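Biologist: Could you take me slowly through one part of this model, a single helix and whatever surrounds it? I am a first-year student, so please explain the terms as you go.

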Amino acid sequence: MFGSRRSPKRGPWAPTNPEARYSSSVALVVVDLQNDFADPAGSLSVKGGAEIVPLVNVEIERAIAAGAAVLYTQDWHPASTPHFAKDGGTWPVHCVQETWGAELHPGLAVRGPVVRKGSNGEDGYSGFSMRDADGFPRPTALDQTIARGGATRLVICGLATDYCVKATALDGIRLGYETAVLLDAIRPVDLQPGDGLAAIDEMAGAGIALVGECSVTS
Ligand SMILES: [Zn+2]
């Protein structure tokens with residue numbers, strides 16, 4: 001499923017310039033901006049998560065104005081999944097289907113399709129692919145949905161830097177998209193101090209363009 005070829009690029013891309021960041025060949029992907037991650041009362045609340053919502057909304061308006069697609073990923077777990085610590089995984093229960101925690105943040109402007117992940121108990125972080133119950137990678141609808149709109153470039157923001165943002169951006173590169181991440185509009189979990197910074201280094205090393213200031217404070 002990885003490694004598909006993209007159509008030729010239309011000249012160089014300058015994602016660091018907000019005026020040149022978006023066009024019809026770009027898709028903005030807003031990762032997991034949901035209550036359990038972004039709200040201070042969420043079960044897996046990311047420090048500063050709510051702060052990025054207005055910044056993300058500015059990007060969404062920029063993208064729409066320039067003819068870019070805007071897509072959203074949504075962690076969407078059943079009540080039991082190997083993703084959760086109580087079922088043998090890593091994480092507290094979060095983003096359970098049809099609960100408040102799984103809803104997109106109420107301040108977020110929703111202007112495009114929402115791609116759900118983890119719906120059938122898959123485990124993983126990327127918006128593009130998760131592992132099924134047998135450990136095999138299974139694609140979500142994200143790549144197809146982006147490709148249908150004709151985008152060859154991705155701009156990624158959302159939560160959290162060191163998990164779903166990183167995994168989605170790395171898959172974007174593997175899938176052949178030119179990929180940029182907006183440093184102002186991401187925040188890390190930092191399960192271990194420095195995880196967010198390490199994730200940023202890893203993304204840079206993979207050829208992902210890093211745009212703006214790093215807001216990691218730990
Ligand atoms: Zn999850």
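Modeller: A residue is called buried here if 20 or more other C-beta atoms lie within 10 Å of its own, and exposed if 12 or fewer do. Please keep in mind that this is a predicted model. With that cut-off in hand, we can turn to helix H3, residues 142–149, whose buried residues are Leu142, Asp143 and Ile146. These residues cover an arc of only 95° around the axis, which puts them on the same side of H3. Gln144 and Arg148, by contrast, are exposed on the other side of H3.

What do the buried residues of H3 pack against? Their partners are S1, strand S2 (69–75), strand S3 (114–117) and strand S5 (137–139). The helix itself lies across S1, S2 and S3, and it runs at about 175° to S2.

To place those strands, it helps to look at the sheet, an open one formed by six strands in the order S3-S2-S1-S6-S7-S8, with parallel pairing. S3 and strand S8 (209–211) stand at the edges, and each has a single partner strand, so one side of each is left without a neighbour in the sheet. From one strand to the next, the twist averages 25°. Helix H2 (residues 52–65) also lies across strands of this sheet, namely S1, S2, S6 and S7, and runs at about 145° to S7.

Finally, returning to H3, the residue that follows the helix is Gly150, which has a positive phi, near 90°.

Definitions and conventions:
Residues numbered from 1 in each chain as written. Predicted model: local features only at pLDDT ≥ 70, side-chain atom pairs only at ≥ 80, totals over all residues. Helix = DSSP H or I, 4+ residues; strand = E, 2+ residues; numbered from the N terminus. Arc of directions from axis to C-beta. Contact = placed C-beta atoms within 7 Å. Pairing = 2+ DSSP bridges. Axes fitted to C-alpha atoms, helices over the stretch in contact; angles between N-to-C directions.
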